[in-house]
Every structure is written in structure tokens, then in C-alpha cells.
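Reader: I am new to reading structures and would like to go through some charged side chains. Please keep it plain.

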Amino acid sequence: MSGIALVPIHLAEGPSLLRHLEKRLAATFGLAVEARRPWFDPDRAYDASRGQYNSTLVLAQLQGGAGEAYDRVLGVAGVDLFIPVLSYVFGEAQLPGRAAVMSLHRLAPEIYGLPADPARLFARAVKEAVHELGHTYGLIHCREPGCVMRSSTYVEEIDLKEERFCAACGRAVRPGG
Amino acid sequence: MSETPVSILIVDDEFSVRDSLEHWFRRDGYRTAGARDGEEALHRLQEDRWDVVLLDMKMPGMDGLDVLRRIHALEPGILVIIITAYGSVESAVTALKEGAFDYINKPIDPDELSHVVQRALEQRRLSSENVALKAKLEELSTVPHIVGESREIQKVLELVRAVAPMDATVLIRGESGTGKELIAQAIHAQSPRRYFAIVPVNCGALTESLLESELFGHERGAFTGAQFRRKGRFEMADGGTLFLDEVGTLSPKTQVELLRVLESREVTRLGAAKPIKVDFRLVCATNQDLEQMVAEGKFRDDLYYRVNVVTIHLPPLRERREDIPLLARHFLDKFSRQMNRPFRDVAPEAVDLLVRYPWPGNIRELANAIERALVVGKPPLVRPEDLPVSLAPPAGGAPAPQVGDSLADVEKAHVRAILERTGWNVSRAARILDIDRVTLYNKIKKYELSQTSSAALGAR
Ligand SMILES: [Zn+2]
Ligand SMILES: [Zn+2]
């Protein structure tokens, strides 16, 4: 086995979102993408005092076990993620490495009291997925306007990016491709 | 990369804090290291050069304030950001008096962390003659490349260069698609505010209440469904530039609110008790006749005078036709690189069509036409038949009708062809088909198109 494994973690959006991610990631990275259930207990990364999941622990879980069979493993969480000291993160990834995790929790407009917008949520999810996987290829944040590797700390900043890498970042991901 | 990256030293007794912050900053390309106590921090400072120190106030052993004093004794110019437990404001205030740059509360909001570090780096740049850091920061904020050699565009660029360093409000006027946002970015990138964000807001795209929440932000629980606090665009632009596109579409109510913010330099989040100071430069854009709107009472004259300090007029593309071949070539290079399609040039007959067409949608329309041509055409040359039919001269015969094919059949085949040529990039395909993405998704569903058979998946 190889390619990218998508691992849903308490994901309510379920199949339609995973299918969408599968397609977009396959096209972007030129790898086979398959969704598979977690082979670990994600709740071991749960921090009851914060009511959030520790993304660094999730990364460690994704990397081992059945995850070792894949070129890349991306956790797609429906729950809120944090790293110690930060109040939350949209995602985290090994730089470089094989494992990445992202959260949909703060990507949905309704969390901010705005009308639901599934198309926007899907678009944000793809950008976050590509971004975090980009880090696993050793990419750091990029200043190119529109490049998916731009840093975004506000959810609205994600909307300003495109779903794709700029030319320079793209070369790191698919050399010669 | 030969220049020295920005460097940050993280001093905290907890491994997980050091580790996660180091990772966090490495993703920005910064050089990082951790120190578990004051001793180790001072050691690190002697070994290496650091731009910023993040210092936890509460550590066993040497007291945080003590560490701060000794860091400053060792390296007077270094910027120290204090990390404090939530609620321990007094110690933070003492630290500020002792010369700390700023403080943040644990757990740290990622946006605040980015912002305070950006401000520290800006301060460092201003106060030090550190050439390497300067070079790094210069490189971080590149001026967007504006293509054109015509006198008209050169005059615009001259004006941009002249007004950028001033803090004056700028109004950019021009038809839609002329690149007003690019000009706003160029102004920002050449201004002293360039190390902070330029925050764009398209005023025409949102309803009054959404725009308000967008601009002002809100506290947690300010209204039903607001589970998290949210920073408004005014706050996001603090230190940088706020770009209000389509400023002429603001409702009377929002006009009053904007005016109040511009006068008081303060914003209050929805549901918040206290206002927050904001400092941004304002750049606006419009394709409307604001003077007419003032005369008709649709745009407040006091706001008009605030907004209309320096005006930059962007000429429509048809008034700078000599730039069309250059622009076409620019987009051809850009898109052929992005799509990995080996196009070399635009054929002379195609250039001819491009130059003659009036381009009501201006540069954006030209960019779309070239992008489409690279999808439908065959490398290495863009030929006239690859361009949208609207560009063709009115004469000339229409293609023979395809007898026996229903409209639906033709549509299905066309949609599939475009999807396949774009590698199932739905945004790009939708642009080329000139429909929105939802419509395209509906067509994909209706015709049961799927990617499985296409080449994109077979690429491995
Ligand atoms: Zn990142
Ligand atoms: Zn990039």
C-alpha cells in the first residue's frame, strides 16, 4: 500500500466531504487517496480540562500502526484541536514527515454565527488539507499571494488563498510532475 | 537561501510548550531553539544571535523578572515577549516597565501570537541596523508585479510610488477588472506598513448585517450561534492597510459606522464592553460615480471627503491597448507554468484579435481568455480559434450544426472535456465555462460525470 490515507476522526460531515477531499488531493499530489477508519483510539488525545484534542498526540497516533503503510496520513477531525500553549490550531503537520491532521471545527461559518455555507466549508477543508500535507513535504509558509502555503491564523484568511501551490511550492511537492 | 532567517528563542520550563512553539515558528521558516530555564536561556544568548525571545514568567529557579533583566544586560537590543498565565496582569505590567516588548496570555491565541511577533520584528527592523534581518523582511513583502509599458499605466505606477510612503487615504477608481486590488497591494507593499497585513473587504459582496459583523467582529455569545469570538477586519488591519473594495455600495448605516471608526480610531466588537484602538491606513476602490452619489444623497459627503484624499484613476484596458500583447504574454507564462502546459507564445493572428477586442471586462477578462485558451488549445501556440468566440470578428461562417446531437449531449460532452483538460479543477473549469461552481457541480451530478475514468487519477 502507498498513497495518502484520509482518516476521519469524529467527523460528522462524513462521506461527501471525504470523497471531495479524495478527489482534490489525488489531483494535487498525484497519489492514490483512500479513506480509512482510525486504527487507534482517538479519544486518547482528548484533553478533558480543555475539551479539545491534542493535535500532537493525534499526529503520533496517525504516524504509527496501519499508518506506516502509506506515503502520507492525514487525519480529518470534526473536533477542535490544540497544541499545548496555543488556544487552538486549524491543523498540524510534521515538517517534514508523513503525518498531518486538520480540524473542520473552526472552518464552518455557522461557528461564527454566520449562515451555513457547505461550499465554503468544503473549499476551506481542501485548502487546509493541501496546506498541512504541504508541510509534510518540508514546505514552510509562503508569501506568494494566493498560494495555499500562505499562513492563515484567521479563518477568513483561508478564503483568500487558492486550493493550489504556487509554482515554487508545487515543485517541492511534485518535482518534474 | 543564504540570508539569515528570523530567529526566536523560547524560554519555558515545560517541554511541551517549547516543543509546540518551536514547531509553530519553524513552519514560518524561522530559526528556533528552546531553553528550559534562565540559566540555559543566557547560555543560548551567548552562543548565538536571536531576534526575539519568548519568555515564560513563571519558572522554577531564577525568577522571570530576573531573567528579563539579565537578558537585557547581556543584549540590550533584544525584544522579549512575556508569556503569562491568564489573569496575572500585575507581573506582566511589571515586566513591561522593565522593558519587555509586550506580553501574551496562556493559552495563546495563534492570531495574537503572529501579530505580536510581527510587531516585534518590525520594531527590531526599525531599531537595528541588522542587514540580514532587513533583507529577510524586504524579501517577505514583495511588491506585486504590475505589467504594462503604456504611458497611462506608467503614470499610475509613478503616482503609486509617490503616495505609498505617505499615510494618506487613497481612492482607486476604475472599471471592474482593471486591477484595483493589485494597485492597493502595490501601495501597501511600498509603504512603511508593509510588514503588517493588507486586509481586503469586498463591501459589495455582503449584506449590511454580515458586513458589520465582518468589519467589527464580535465577542463569544454576542448573538445566537456565535460560539467563538471573532476579530473584525478593522482589528485585523491594525498596523497595516484596510482595503475597502466597492466602497460606494456601503449602506447609509455602515457609512456612519465607518466614519465613526475613522474619526475615533477605535472599534468595539459586537457584544463587547470596551472599544479597542486600531491604527490602519485606508485604501478604497470604486467603479461608481461617487460625486453623483453624493449629489443624490446616497453617499455621505463627510465620508466622501475622508475617503477621497488622493485619487488614482486606473485606465480601462481599451485605453492602453499597447499593453495587451505584453499582458497576454504575462498570463500565458503564468498559466502555462501553473497548468504545466508547454505554451510558448500567442500566434500573431491571435494577438491581432486580442488587441482589437474592446475588453469590457478589462484585464480579468483577458486573463480568463488566456487561461481558457491554454485549456482548449494545443501547445506551443495560442491560435485564434482557442480564444472565446466573442473575440472573433462578426464575419465568418458559423460551424456546421452537429445534427442528431441534443443540446444536453453537447453540453455533457463539453463539460466533461473541460473538466478533463483542467484535471478536474472545478474552480478553473467553472471559470472557463463561465458558470459558477455550484452550477457546475449540479451539471456534474445531472450528467453523472466522474473523474474515475479520467487521466488525473492514473498519474501514479
Ligand atoms: Zn502552515
Ligand atoms: Zn507558495
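**Salt bridges**

Author: In this predicted model, Arg120(A) has a relative accessible area of 39%, so Arg120(A) is partly exposed.

Reader: Which residue meets Arg120(A) in a salt bridge at 3.5 Å, N to O?

Author: Arg120(A) lies in helix H3 (residues 118-136) of chain A, and its partner lies in helix H4, so the pair ties together parts that are 39 residues apart in sequence. The partner is partly exposed, with a relative accessible area of 24%. The residue is Asp159(A).

Reader: Which residues are joined with Arg120(A) into one network?

Author: The network arises from salt bridges that share partners. Besides Arg120(A), its members are Asp117(A), Arg124(A) and Asp159(A).

Reader: Is Glu371(B) buried or exposed?

Author: Glu371(B), in helix H16 (residues 362-376) of chain B, is linked with Arg431(B) in helix H18 (residues 426-433), 60 residues apart. Their side chains meet in a salt bridge of 2.9 Å, N to O. Arg431(B) is partly exposed at 36%. Buried means under 20% relative accessible area, and Glu371(B) has 2%, so Glu371(B) counts as buried.

Reader: How many salt bridges are there over all chains?

Author: The pairs above are counted by one rule, a nitrogen-to-oxygen cut-off of within 4 Å. Another pair is Arg24(A) and Glu163(A), at 3.3 Å. Over all chains, the count comes to 38.

Reader: What is the relative accessible area of Glu163(A)?

Author: The side chain of Glu163(A) meets that of Arg24(A) in a salt bridge. Arg24(A) counts as buried at 9%. Glu163(A) is also buried, and its relative accessible area is 15%.

Methods
Residues numbered from 1 in each chain as written. Chains lettered and ligands numbered in written order. Predicted model: local features only at pLDDT ≥ 70, side-chain atom pairs only at ≥ 80, totals over all residues. Heavy atoms only, no water. Buried < 20%, exposed > 50% of the residue type's maximum accessible area, 1.4 Å probe, protein only. Helix = DSSP H or I, 4+ residues; strand = E, 2+ residues; numbered from the N terminus.
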